[in-house]
Amino acid sequence: MALVKIVYASLTGNTEEIADIVAEAFENEGLDVEINECTQVDAEDFLEADICVVGTYTYDEGALPDDIVDFYEDLKELDLTGKLYGVVGSGDTFYEMFCSCVDDFDRVFSQTGATKGAESVKVDLAAEEEDIVRLEAFASELASKITE
Ligand SMILES: Cc1cc2nc3c(=O)[nH]c(=O)nc-3n(C[C@H](O)[C@H](O)[C@H](O)COP(=O)(O)O)c2cc1C
């Protein structure tokens, strides 16, 4: 069965909740899912996955969260050709660089040779009902591409 690996960074819990919603949606699609906080895993672990997902918040004028910097740098070195990827995250529309770290991960994933399986989902703070719908659609689209 296809394996989804979800790695996230979260300081106040919004991105963790988003990652949990995505994980449950993948499980409902019948896929195996592993979900981990970014300091608990290595980027190389994505080599075992069929679908690679990152969830990240954005900090300080668009800065990467400190706790995901190492993971980000290691991801740059990987060859993930043949795998699907997607990125989700939380930010705050108050800031000009809204969810810019989601775009940073999108860029790095594309450099690894992985294929983007669904448009990124950016959530304003905590996920609300309409965000949950978008997150479920994100997982569903990625899952449909693995079973094609
Ligand atoms: C000091 C500070 C700077 C922030 N800078 C940004 C930013 O540049 N862009 C953005 O979209 N969100 C920014 N945020 C908002 C966080 O990304 C947002 O609160 C997010 O939901 C936190 O996710 P978490 O609950 O998973 O930690 C900032 C928050 C703080 C406290």
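This section describes the strands, a helix and the ligand shell of a predicted model.

Strand β3 covers residues 51-57. Seven of its seven residues are buried, so β3 is largely enclosed by the rest of the structure. Cover is found on both faces of the strand. On one side lie I51, V53, G55 and Y57, and on the other C52, V54 and T56. Strand β1, residues 3-8, runs parallel to β3 and is joined to it by five bridges. One pairing in this set links I6 with V53 of β3.

Strand β3 also pairs with β4, again in the parallel sense, over seven bridges. Within this pairing, G55 stands opposite V88 of β4. Y57 has S90 of β4 as its bridge partner. Strand β4 spans residues 84-91. Eight of its eight residues are buried, so β4 too is largely enclosed by the rest of the structure. L84, G86, V88 and S90 point one way from the strand. Y85, V87, G89 and G91 point the other way, and these residues are likewise buried.

T56, in strand β3, serves as an example of a buried position. There are 30 other C-beta atoms within 10 Å of T56; the cut-off for burial is 20 or more, so T56 counts as buried. Beyond its neighbours within four places in sequence, T56 is in contact with Y8, A9, T15, P65, I68, G89, C101, V102 and F105. T56 and V7 are 49 residues apart in sequence, yet their C-alpha atoms are 8.5 Å apart in space.

Two of the contacts of T56, C101 and V102, are also among the buried residues of helix α3. This helix comprises residues 100-111. At 1.5 Å a residue, its twelve residues should span 16 Å. The end C-alpha atoms are 17 Å apart, which agrees with that expectation. The buried residues of α3 are C101, V102, D104, F105 and F109. They cover an arc of only 155° around the axis, which puts them on the same side of α3. Their cover includes β3, β4 and β6, the last formed by residues 121-124. Just after the helix, G113 adopts a positive phi of about 95°.

G30 provides a contrasting, exposed position. It is located in the loop between α1 and β2, the latter being residues 32-37. G30 has 10 C-beta neighbours inside 10 Å; the cut-off for exposure is 12 or fewer, so G30 counts as exposed. G30 and D67 are 37 residues apart in sequence, and their C-alpha atoms are 31 Å apart in space.

The ligand is surrounded by 20 residues. L11, N14, T15, Y57 and G91 come nearest to it. The shell divides into eight nonpolar, nine polar and three charged residues. Helix α1, residues 14-28, supplies at least two residues of this shell, as does strand β4. Several residues described above return here. Y57, among the nearest residues, is one of the buried residues of β3. G91, also among the nearest, is buried in β4. T15 is a further member of the nearest group and is in contact with T56.

Note on methods
Residues numbered from 1 in each chain as written. Predicted model: local features only at pLDDT ≥ 70, side-chain atom pairs only at ≥ 80, totals over all residues. Near = placed C-beta within 6 Å. Helix = DSSP H or I, 4+ residues; strand = E, 2+ residues; numbered from the N terminus. Nonpolar A, V, L, I, M, F, W, Y, C, P; charged D, E, K, R; others polar. Expected span 1.5 Å × (residues − 1). Arc of directions from axis to C-beta. Contact = placed C-beta atoms within 7 Å. Pairing = 2+ DSSP bridges.
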